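The following exercises concern a single protein structure. Each sets a task and then works through a solution step by step.

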Amino acid sequence: MKLLLKDLPFWFHDLGNCLHDCFGTLLLRQGFDPVEALGAGWEFHHDPAQVRGEEYYHPAPRPTLGENLFPFHPVRARWQEPVDAQEAWAGIRASIQDGRPVLAAVDNFYMPIRPAFGDVHAAHLVVVWGFDDEAREVYLLEATPPLFSGPLAFDDFLRARGSANEARPNTRDYFFAGPRIRHRWIDVEFTGPAPKATAAWVGEVVAHNVRGWLEPGDPRRGGLAGLRHWLADVAGRDDRAGALAELYSVGWAAQAAAALHADFLRATGNRLRCDALVHAGRQVDRLAHQWTGLRIFGAHGSTTGDRYAAELSRRTRLLLADHEDVLEQLTAAIRRLDEPPGDPRPLAAAGGRPLGAP
């Protein structure tokens, strides 16, 4: 049997990772705006027990990946933990037969379509969109450059899916080797149409995000307080190399979330003619690029063993101060979205309405 799904476009975000690139493809295929869906939510959460050395690591304050990645959109997404390769392939095959592409975890060391092939082990995600039983091939889409869409030998796919993702010194990616791939895959289902990005909806979304930053459920793990706590922990841990390596990988999730939210704010602000929202988007974009420098700083420190306590403290202060400034700007932007056109009321602090409120 041969079955190939159609209409899978490439989508790539320069500050995102393979998780966002893969979901962007599925969102576009379903008629969703990837920036709107991936960028609406913006939060911080850090649970040390959840952190894994995988490119597609995403913080999980809620039970499922879909709830964490798409808090405002009807997208269900769950990690599947099969017992073996046979169960994994049966699940992937059934999803494709149902017309739904899936996201599969692989080790780049065994992927001929990746630059790391035969060089370094690293956990990665690809979109699976077809199979050919007779030719023993599986069809993949790889939106993270270099781009690829086409067949891969099934035996290569199985090796990449069952890899131990070894962390030996000569054949490892420093940040994304170690955790076993274990044939894991992500089952994705769209349960409704995308919401209309009206001024009321955008205001509710932004207000919800601001409350999450300022009033987290657990101040040691979430929001601005949780970010401050985690960065202080990175600076103070005895395991300096490990802490700085975590800054690189965990920081990527934070960087991507900020970059996508910045795009969301600018796009919706321009569409709604809300200059305050557009300006806040520019400032969130600045935060995303601060994360770039902080992550590279952590990468250098973690691999050389040098101690950068003073510089890390300086960068942390700047990042946190800019976060506080952005939250003030977003609060003002919420007020502007609530105003009717031409309303002369001055800007004032506002928390916005709860999600779903009339």
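**Exercise 1. The largest cavity**

Which residues line the largest cavity? Note before starting that the model is a predicted one.

Solution.
Step 1. Begin with the search of the whole structure, which finds 4 cavities of 30 Å³ or more.
Step 2. Select the largest cavity, whose volume is about 60 Å³.
Step 3. Read off its lining: Trp42, Glu43, Phe44, Trp213, Leu227, Ala254, Ala257, Ala258, Trp291 and His323.
Step 4. Sort this lining by class; the result is 8 nonpolar, 1 polar and 1 charged residues.
Step 5. Turn to secondary structure: helix α8 (residues 240-272) supplies the largest share of the lining, with 3 residues.

**Exercise 2. The cysteines**

Determine how many disulfides the structure holds, and examine the surroundings of Cys18.

Solution.
Step 1. Recall that a disulfide is a covalent bond between the sulfur atoms of two cysteines.
Step 2. The count for this structure is 0 disulfides.
Step 3. Consider Cys18, whose nearest cysteine sulfur belongs to Cys22 and lies 5.9 Å away. The cut-off for a disulfide is a sulfur pair within 2.5 Å, and Cys18 is accordingly in no disulfide.
Step 4. Assess exposure, for which buried means under 20% relative accessible area. Cys18 has 0% relative accessibility, so it counts as buried. Cys274, with a relative accessible area of 7%, is buried as well.

**Exercise 3. Positive phi angles**

Asp7 and Asn165 each have a positive phi. Locate each residue and decide whether it is buried or exposed.

Solution.
Step 1. For Asp7, phi is near 65 degrees, a positive value in a residue other than glycine.
Step 2. Asp7 belongs to the loop that runs between β1 (2-4) and α1 (18-29).
Step 3. The relative accessibility of Asp7 is 65%, and exposed means over 50%; Asp7 therefore counts as exposed.
Step 4. For Asn165, which is likewise not a glycine, phi is positive at about 55 degrees.
Step 5. Asn165 is placed in the loop between α5 (154-161) and β7 (185-190).
Step 6. With a relative accessible area of 0%, Asn165 is buried.

**Exercise 4. A cis peptide bond**

Which residues does a cis peptide bond join, and where is Pro146 placed?

Solution.
Step 1. The cis bond joins Pro145 and Pro146, with omega at about 0 degrees.
Step 2. Pro146 sits in the loop between β5 (137-142) and β6 (148-153).

Conventions: Residues numbered from 1 in each chain as written. Predicted model: local features only at pLDDT ≥ 70, side-chain atom pairs only at ≥ 80, totals over all residues. Heavy atoms only, no water. Buried < 20%, exposed > 50% of the residue type's maximum accessible area, 1.4 Å probe, protein only. Helix = DSSP H or I, 4+ residues; strand = E, 2+ residues; numbered from the N terminus. 1 Å grid on protein atoms, 1.4 Å probe; cavity = no way out; pocket = protein on both sides within 12 Å on 5 of 7 lines; lining within 4 Å. Points joined across faces, edges and corners; volume = space filled by probe spheres on them. Nonpolar A, V, L, I, M, F, W, Y, C, P; charged D, E, K, R; others polar.
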